[in-house]
Amino acid sequence: MKNFSRAPTVCAASLFFVLPLVIACGNRAASGNTQAATPDLNGVWSAPFTPDISKALGHQPPFTPYGAARFAKEDEFDDPLTKCLPIGPARGIQAGIMPFQIVQTPSVFTILFENQHTFRIIHTDGRSHPKDVDPTWFGDSIGKWEGDSLIVDTVGLDDRTWLDTAGHEHSDQLHLVERFQKVDNNNIKWTVTFEDPKFFTEPWSVTLPIARQNTEIMSYSCEENEKDRAHLRRTKK
Amino acid sequence: MKTKSSVTLGLSFFLLSVSAPVFAHHGFAVEFDKDNPLTLTGTVTKMEFMNPHIYFYLDVKGKDGKVVNWALEGGPPNVIYRQGWRKDTLKPGDVVTVKGFRAKDGTHLASCSTVQLPDGREVSAGTGGASKNAYGSAAAADGKK
């Protein structure tokens with residue numbers, strides 16, 4: 001592995017933010033401070049690669065006329081991932097191809113994506129969303145535990161992310177509600193609800209199984225040896 | 001660093017059935033032509049086991065005797081590492097046969113679906129071919145709606 005990971009692919013900023021969380025989690029685990037009633041979802045996980053989320057839904061989402069028109073003309077050429085932009089909170093789970101690691105403490109639930117070495121921080125300390133949220137790639141996420149599940153509420157999402165590879169888009173009014181339900185030590189039932197009045201006439205949900213992986217998240221940099229952009233061609237005229 | 005195969009997927013070394021197209025940062029259709037499959041036999045000149053996709057290069061002699069250096073794109077190194085690939089799986093001087101799809105821009109670039117190694121094994125390179133995704137047809141995985 002040391003040869004494989006030789007390239008300087010780890011963003012220094014990511015380490016700055018993430019390392020303290022990992023260390024804090026380790027310290028709490030060592031001191032036994034983790035709340036006993038809270039399900040333990042720490043570990044490396046992966047969901048089935050779902051490049052077209054409508055396949056998991058069984059049909060296309062309930063588009064508004066605007067949403068339908070956007071989807072009809074969307075071209076994979078414009079996928080933000082082709083520009084090595086962040087993958088976004090839900091797509092990172094269902095279409096990130098690579099596994100992700102959950103690191104949880106009593107106050108935060110962190111998802112570390114191998115894809116692009118990006119991460120989500122979900123606050124579980126009882127706070128509310130800020131009044132005015134400037135859109136960001138992963139939005140503002142707050143979570144609360146309900147029995148065997150973590151319920152995550154996310155707003156303030158940058159409309160440049162896509163929901164999948166097939167070109168399902170959203171606006172900055174997207175509201176995500178996710179349920180991470182612990183089935184057993186090796187399985188999570190993940191249900192995500194998409195609500196966006198600009199793109200969809202009503203909220204819609206998909207459920208995917210998330211399974212524990214016997215691996216570690218590895219290094220990744222989209223820009224390390226990016227050679228494709230010059231060869232990409234539009235698929236629609 | 002310990003890195004084992006996924007328990008869930010049950011990956012074993014070079015399992016050809018695990019051949020879902022796995023493009024890390026772009027779809028298939030935006031770069032490669034599914035209607036233009038090709039098979040190339042040549043000599044490896046260089047291997048780039050790097051993100052976001054592996055690239056390797058083959059000197060291929062054409063019918064006219066001219067040698068053309070082709071670029072072959074495989075899956076993300078992380079993904080195919082977990083399937084058994086290593087950076088020295090292909091070495092300069094190896095003579096291999098690859099199957100894939102030519103780039104739409106007509107350059108000497110192709111996606112690489114499988115590689116027949118010098119020892120005869122045909123292994124997935126992580127792109128192209130049929131998808132066994134649970135949620136997404138091969139066409140969808142290849143970027144077609």
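I started with chain B and counted 2 helices and 6 strands. This is a predicted model, so I am reading computed geometry throughout. Going from the N terminus of chain B, I noted the order β-β-β-α-β-β-β-α.

Next I looked at burial in chain B. Of its 145 residues, 48% count as buried. I also checked how far apart in sequence the contacts reach. Taking contacts in chain B between residues at least 6 apart, I get 59% that join residues at least 24 apart.

**Cores**

Which residues touch the most other members of the largest nonpolar core? I find Leu72(B), Ile80(B), Val98(B), Ala110(B), Cys112(B) and Val115(B), in a core of 34 residues. I then listed the elements of chain B that give two or more residues to this core: strands S1 (32-48), S2 (55-61), S3 (67-73), S4 (95-103) and S5 (109-116), plus helix H1 (77-81).

I picked Ile80(B) for a closer look. Leaving out residues up to four places away in sequence, I see Ile80(B) touching Ile54(B), Gly74(B), Gly75(B), Trp85(B), Ala125(B) and Gly126(B).

There is a second, separate core, and I count 32 residues in it. Among them are Ile53(A), Ile87(A), Phe100(A) and Leu174(A).

**Barrel in chain A**

How many strands make up the closed barrel of chain A? I count 9, running S1-S2-S3-S4-S5-S6-S7-S8-S9, and the pairing is mixed. Ignoring direction, neighbouring strands of this sheet are turned by 30° against each other on average.

I zoomed in on S8(A) and its two partners. On one side, S7 (residues 175-184) of chain A runs antiparallel to S8 (residues 187-195), and 9 bridges join them. A hairpin of 2 residues connects S7(A) to S8(A). For landmarks, I noted that Val177(A) stands opposite Thr193(A), and that Asp184(A) has Asn187(A) as its bridge partner.

S8(A) also pairs with S9 (residues 204-212) of chain A, again antiparallel, over 8 bridges. Here Asn187(A) turns up once more, standing opposite Ala211(A) in S9(A).

Which side chains of S8(A) are buried? I see an alternating pattern along the strand. Ile188(A), Trp190(A), Val192(A) and Phe194(A) point to one face and are buried. Asn187(A), Lys189(A), Thr191(A), Thr193(A) and Glu195(A) point to the other face and are not buried.

**Backbone oddities**

Then I went looking for unusual backbone geometry. Most residues other than glycine have a negative phi, and most peptide bonds are trans.

Where is the cis peptide bond? I found it joining Asn51(B) and Pro52(B), with omega about 0°. Pro52(B) sits in the loop between S1 and S2 of chain B.

I flagged two non-glycine residues with positive phi in chain A. Cys84(A) comes in at about 65°, and I place Cys84(A) in the loop between helix H3 (65-73) and helix H4 (91-94). His117(A) comes in at about 50°, and His117(A) is in the loop between strand S3 (108-113) and strand S4 (119-123).

Are these two residues buried or partly exposed? For Cys84(A) I count 19 other C-beta atoms within 10 Å, so Cys84(A) is partly exposed. For His117(A) I count 22 other C-beta atoms within 10 Å, so His117(A) is buried. The cut-off for buried is 20 or more.

Terms used:
Residues are numbered from 1 along each chain as its sequence is written. Chains are lettered from A and ligands numbered from 1 in the order in which they are written. This is a predicted model: local features need pLDDT of at least 70, side-chain atom pairs count only at pLDDT 80 or more; totals for chains, interfaces and linings use all residues. Two strands pair if DSSP finds at least two bridges between them. Helices (H or I, at least four residues) and strands (E, at least two) are DSSP runs, numbered from the N terminus. Axes are lines fitted to C-alpha atoms, for helices over the stretch in contact, and angles run from 0 to 180 degrees between N-to-C directions. A nonpolar core is a set of buried Ala, Val, Leu, Ile, Met, Phe, Trp, Tyr and Cys residues joined through C-beta atoms within 7 Å. A residue is buried if 20 or more other C-beta atoms lie within 10 Å of its own, exposed if 12 or fewer, and partly exposed in between; C-beta atoms are placed from the backbone. Two residues are in contact if their C-beta atoms, placed from the backbone, lie within 7 Å.
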